[in-house]
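Grab a pencil and your favourite viewer. Below is a short set of exercises, each with a worked solution to check yourself against.

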Amino acid sequence: MRLPAIIRTSVFQLTILYVGLFGVSVATLGWFIYRSTVGYLENQTDEVIEAEINGLAEQFFQLQRERGLEGGVRGLAQIIQSRRERTGTAGERFSYLLIDQNLRPLAGNLNRWPAPSDMVEGWIEFSVPDPNAADAQVPVRARILPIRPFELTGIRVLVGREIRELEQINDRFLRALTLGLGLTMLLALGGGLALAFSAQRHVAELSRTTRRIIAGDLSQRVPVGGAHDEHAELARSVNTMLDQIENLMAGLRHVGDSIAHDLRGPLTRLRNRLENLSDEDTPSRASIAECLAQADRVLATFNALLRIARIESGAYRKAFATIDLGPIVDDIADLYEATAEDKLVELRRKTIDDAFVFGDRELLAQALTNLLDNAVKHTPPGGHIDLELRRHEGTIHLVVADSGPGVPAESRERVLQRFARLDESRSTPGSGLGLALVRAVADQHDAKLVLTDNGPGLRVTLTLPATGSPRAES
Amino acid sequence: MRVLIIEDDHEVSSYIRQGLIQAGWNVDVADNGKDGLLMATTEQYDALIVDRMLPGVEGLALIRTLRASDNETPALVLSALGEVDDRVKGLQAGGDDYLVKPFAFSELLARLEALIRRAKSAGSQHETTLSLADLEIDLLKREVHRGGRKIDLQPREFQLLEFLLRHAGQVVTRTMLLEGVWNYHFDPQTNVIDVHISRLRGKIDKGFDKPLLHTVRGAGYRLST
């Protein structure tokens, strides 16, 4: 995998943003800890210096009251001289310097004034030579205080203290902080990269599979892997979808093959007939009529297919209304009674009042027509067909049961599909679309279509949700 | 008979045109809605054949415009959409009948003749008897006589005969019968209608010299002398 590709991934870009935000928050936290720790130490140093210099000032005023101004200055110089070797608790040395208005040192352990000459009061930092190591300097923090009234005395006191330790802590702190921050960022970046790579890998696998499918290999599946994470779940969902698509494609192919198979025969016969006719000088009306009938059969198959497709598209649903199944059953039974009688098949009818369902009158009538047509076709003379309407727990059952040969249990699901026939050689008449249309109509009406054994014969039950009467609703 | 075909698909319009000319009709063709509307309003036709999907003015809008200007020329709507809700729309717009592509020419011709006849006899809709040769039915008493002999018919057979008599001399297709007698609009596809016809034939023709109910191969039936 090339690096630029990983940089373009959204996970990586998110990682960078996250690393940035994380760095800023770590730096802020570190700075806060640093300021409060080092600041506390600085304050302590300052307080010690402040106490020392104020003590000196106090002592000067004491001496001044007793011995006058000059005596005071002399006394202060003596005190400072006596303190010059003083060290603090951690061994850090104090610096002292007492100067007159001409910056001349009067007492102390510094040989020159380290601050600007016009600085009268305030804090400064400077460095002094390290007595323990040649050429080394030690940082010092110092306070300058004028001895008041400055216009009269003209002298200033400087008290300083080595801040070697403070500087060391400061340095170490800053180093630790930078190092920690760098390490944190590095870890975050590494984690982000790992995350990006892993996500990228899954996506790459997905798109590789997709590309292969686009190229025409529908049997490809996304590798799921052993994990039970969301990637595996996504892979499984995609695979399930692909299975479904493959099934649908297989179904489509089957329908396509069946259309070809079912229409090629009649079309070839039609062509042969026309070819024969073209040889005759005066073709007979009967043979032309036969050709027409042949063409009509092909057209009828097409129309049936189109109608099923149209039903399945849901186009009829918007015209659904509350209708009574009773009159439809009566109408269609009436339509088929004569046909059944001619075949010496008894058509027995049992309906109920107020069999209200939500649906389309034409579709339900056609579905029932197809069911009755099948029943009449398959029931031998002397047999019977029961056409029955029943109410059962909030549903209406429409039953067409015949005493014909029936459908073997293993084929009952298959015969509901387009062009499916029990006899695969397709020698029996019929388009093989009748039950497919019934199923499409049933689906549109949220109805259950169940084929069972009528012992002997086939029993088709269409279970529709019952609704109230249209009058009660309005 | 003079008919105007308004259809943009030349293959369809020439197919209809040739068939109608062979049947002895006068045929005009318009291949868009605008021309069609102009011709339909300026010329006198016995019937219009109007496609739904038209460039210019849409088929149903065209019929609605004609009806709004009191032009009552019967119109047969052709449609490739061809389903129940479309049929309802077509009839609501003022179309008199509705035919779905693809259709057999015989079906179109039968429906066209029925349309024109219905339009011409619009004034005499309320007759109480219908007759053809020696066959006579009384619509009020629901009785049928042929050659002075009373024939007993089932109610549905009576309806069937009434429909055929109202279209006497014309070809009536199976789909037209399912529509006119049973009031369902799908293609029965099987011989259910034939069985009803043969029963009716057995009652009104059996025992008489001249048969009245004829089968027209590839198209349907015709009641004529």
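The exercises below go through a predicted model with chains A and B.

**Exercise 1. Find out how confident the predictor is in each chain, and where in chain A the confidence drops.**

Solution.
- Step 1: Begin with the scores for the whole model, which are ipTM 0.72 and pTM 0.59.
- Step 2: Go on to the chains. The average pLDDT is 84 for chain A, with 95% of the residues at 70 or above. For chain B the average is 86, and again 95% of the residues score at least 70.
- Step 3: Look for the weak spot. Over residues 424-428 of chain A, pLDDT stays under 50, and the model has three contacts beyond four places in sequence for this stretch.

**Exercise 2. Describe the side of chain B that touches chain A: how many residues take part, and which elements supply them?**

Solution.
- Step 1: Count both sides. Chain B brings 20 residues into contact with 23 residues of chain A.
- Step 2: Assign the chain B residues to elements. Those giving two or more residues are helix H4 (84-92) and helix H8 (192-204) of chain B. Of the elements, H8(B) gives the most, with four residues.
- Step 3: Sort this side of chain B by class. Nine of its residues are nonpolar, five are polar and six are charged.

**Exercise 3. Work out how helix H7 (residues 325-342) of chain A packs on H8(B).**

Solution.
- Step 1: Take the geometry. The two helices pack at an angle of about 75°, and their axes are 8 Å apart.
- Step 2: Classify the angle. Angles of 65 to 115 degrees count as roughly perpendicular, so H7(A) is roughly perpendicular to H8(B).
- Step 3: List the residues that make the contact. H7(A) contributes Leu335(A), Tyr336(A), Ala338(A), Thr339(A) and Asp342(A), while H8(B) contributes Val192(B), Val195(B), His196(B) and Arg199(B).
- Step 4: Group these residues by class, which gives five nonpolar, two polar and two charged.

**Exercise 4. Test whether the span of helix H4 (residues 164-214) of chain A agrees or disagrees with its residue count.**

Solution.
- Step 1: At 1.5 Å a residue, the 51 residues of H4(A) should span 75 Å.
- Step 2: The end C-alpha atoms of H4(A) are 73 Å apart, which agrees with that expectation.
- Step 3: Step past the end of the helix. Just after H4(A) comes Gly216(A), with a positive phi of about 120°.

**Exercise 5. Lay out the five-stranded open sheet of chain A and find its edges.**

Solution.
- Step 1: Write down the order, S7-S9-S10-S12-S11 (chain A); the pairing is mixed.
- Step 2: Find the edges. Strand S7 (346-350) and strand S11 (448-453) of chain A each have a single partner strand, so one side of each lacks a neighbour in the sheet.
- Step 3: Add the turn between neighbouring strands, which is 15° on average, direction ignored.
- Step 4: Zoom in on one pair. Strand S10 (residues 395-402) and strand S12 (residues 458-465) of chain A run antiparallel and are joined by seven bridges. One of the bridge partners in S12(A) is Pro465(A), which is matched with Thr395(A).
- Step 5: Place the helix. Helix H8 (residues 361-378) of chain A lies across strand S9 (384-392), S10 and S12 of chain A, at about 25° to S10(A).

**Exercise 6. Do likewise for the three-stranded open sheet of chain B.**

Solution.
- Step 1: The order is S10-S12-S11 (chain B), with antiparallel pairing.
- Step 2: Strand S10 (171-173) and strand S11 (213-216) of chain B stand at the edges, each with a single partner strand, so one side of each is without a neighbour in the sheet.
- Step 3: From one strand to the next, the twist averages 35°.
- Step 4: S11(B) and strand S12 (residues 220-223) of chain B run antiparallel and are joined by four bridges. His214(B) has Arg222(B) in S12(B) as its bridge partner.

**Exercise 7. Locate the cis peptide bond in chain A and the positive phi of Arg142(B).**

Solution.
- Step 1: Recall the background: most residues other than glycine have a negative phi, and most peptide bonds are trans.
- Step 2: The cis bond joins Gly455(A) and Pro456(A), with omega about -5°. Pro456(A) sits in the loop between S11 and S12 of chain A.
- Step 3: Arg142(B) has a phi near 55°. Arg142(B) belongs to the loop between strand S7 (135-138) and strand S8 (143-146) of chain B.

Definitions and conventions:
Residues are numbered from 1 along each chain as its sequence is written. Chains are lettered from A and ligands numbered from 1 in the order in which they are written. This is a predicted model: local features need pLDDT of at least 70, side-chain atom pairs count only at pLDDT 80 or more; totals for chains, interfaces and linings use all residues. Two residues are in contact if their C-beta atoms, placed from the backbone, lie within 7 Å. Ala, Val, Leu, Ile, Met, Phe, Trp, Tyr, Cys and Pro count as nonpolar, Asp, Glu, Lys and Arg as charged, and the others, Gly among them, as polar. Axes are lines fitted to C-alpha atoms, for helices over the stretch in contact, and angles run from 0 to 180 degrees between N-to-C directions. Angles under 35 degrees count as roughly parallel, over 145 as roughly antiparallel, 65 to 115 as roughly perpendicular and the rest as oblique. The expected span of a helix is 1.5 Å times one less than its number of residues. pLDDT is the predictor's confidence in each residue, from 0 to 100. Two strands pair if DSSP finds at least two bridges between them.
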